[in-house]
Amino acid sequence: MKLRNDHIVIFGGGSGIGLAIAKRFCEAGAEVLIVGRSQEKLEKAAEEISSASLHVAAFDVADCDHHRDFFEKAEAELGAKIGGFVNAAALGSSVLGRGYEPWDITPDEWTMLTDVNFKAAFFLMRNEINYFLEKEIRGNILNFASNAACMDIRGSYGASKEAIIKWTRALGKKYGHNGIILNGIAPGATFTPMIASYAHSIDQPYERHAIERFIRPDEIAELAFYLMSDYGEIICGHTVVADGGDNKATL
Ligand SMILES: NC(=O)c1ccc[n+]([C@@H]2O[C@H](COP(=O)([O-])OP(=O)(O)OC[C@H]3O[C@@H](n4cnc5c(N)ncnc54)[C@H](OP(=O)(O)O)[C@@H]3O)[C@@H](O)[C@H]2O)c1
């Protein structure tokens, strides 16, 4: 099994799941550009991976008017056309300092989260599809939803992630005909900075999951590798739920 494309941009690649995917893809021989808002954080992350194939660039995905300019910059940095995008940038409970209960969220928090998780997620995906179409690339797009989309109670976070599942389905079915493979992953609680408010150690038991533990970022990276591999092409327009059997998920 090999990656279907080997020049990859990972939005949200400076930590957690995105960083684990960057490591996995570099090990598989890909040239990878990790992207986040903080240059310092990206450089620290690159030191951790220590691969000549890893590149860094700071960019705020909420700046939707400049996505295409950034893709050109990314192309120059990678030295080739981009063949794959991983859209893992998002804000979560760590910025709220609590969970996603709909009765707690304020209008300002709603805007902060949805600007990145909803608006930027849509325009990023649409601009990536246009980039592939214009350059006639049989590319890959991997979105990040969440199993929060599978629960009865949800605030703006779960709603934005549910939208990502629906967009992935609709656009995946449409652009698969152009050779563009668009899929998603909906993780359960994965041990990353995003859930630092309640996950203090990877060894901490987590009863909500049937497997009674947190998911590790490298486990999600392995699934990402499959979905963006030549074999993964048979999955097109779907979001794979990897939530260890979360007892709050109803879908
Ligand atoms: N961890 C979980 O339990 C879990 C569960 C379900 C779904 N997910 C999803 O999985 C994906 C990865 O999350 P994670 O757990 O790896 O969290 P994470 O470690 O917090 O990673 C998110 C990354 O997004 C970047 N980011 C945030 N806002 C950005 C912006 N406006 N522009 C560019 N980059 C931005 C952050 O870097 P900067 O701060 O430097 O910008 C950060 O490196 C997210 O979509 C998340 O919603 C995670």
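User: In this predicted model, how are helix 3 and helix 5 oriented to each other?

Analyst: They're oblique to each other. To read that, look at the angle between the axes: values of 65 to 115 degrees count as roughly perpendicular and those under 35 as roughly parallel. Here the axes of helix 3 (residues 67–78) and helix 5 (residues 107–135) cross at roughly 55° and come within 10 Å. The crossing is right-handed.

User: Which residues make the contact?

Analyst: On the helix 3 side you have His67, Arg68, Phe71, Glu72 and Glu75. Helix 5 brings in Ala120, Phe123, Leu124, Asn127, Glu128, Asn130, Tyr131, Glu134 and Lys135. Sorted by class, that contact has six charged, five nonpolar and three polar residues.

User: Let's zoom in on leucine 124. Is it buried or exposed?

Analyst: Check relative accessibility, where buried means under 20%. Leucine 124 has 3%, so it counts as buried. This residue sits in helix 5.

User: What does leucine 124 touch, leaving out residues up to four places away in sequence?

Analyst: Phe11, Val61, His67, Phe71 and Asn87. For a sense of the fold around it, try C-alpha distances too: leucine 124 and aspartate 63 lie 61 residues apart in sequence, with 9.7 Å between their C-alpha atoms.

User: And how many disulfides are there in the whole structure?

Analyst: Zero. The way to read this is by sulfur pairs, with a cut-off of 2.5 Å. Take cysteine 236: its nearest cysteine sulfur belongs to cysteine 150 and is 20 Å away, so cysteine 236 is in no disulfide. As for cysteine 64, that residue is buried, with a relative accessible area of 15%.

Conventions. Residues are numbered from 1 along each chain as its sequence is written. This is a predicted model: local features need pLDDT of at least 70, side-chain atom pairs count only at pLDDT 80 or more; totals for chains, interfaces and linings use all residues. Side-chain values use heavy atoms; hydrogens and water are left out. Axes are lines fitted to C-alpha atoms, for helices over the stretch in contact, and angles run from 0 to 180 degrees between N-to-C directions. Helices (H or I, at least four residues) and strands (E, at least two) are DSSP runs, numbered from the N terminus. Angles under 35 degrees count as roughly parallel, over 145 as roughly antiparallel, 65 to 115 as roughly perpendicular and the rest as oblique. A crossing is left-handed if the near helix is turned anticlockwise from the far one by less than a right angle, and right-handed if clockwise. Contact means heavy atoms within 4.5 Å. Ala, Val, Leu, Ile, Met, Phe, Trp, Tyr, Cys and Pro count as nonpolar, Asp, Glu, Lys and Arg as charged, and the others, Gly among them, as polar. Buried means under 20% relative accessible area, exposed over 50%, partly exposed in between (1.4 Å probe, protein chains only).
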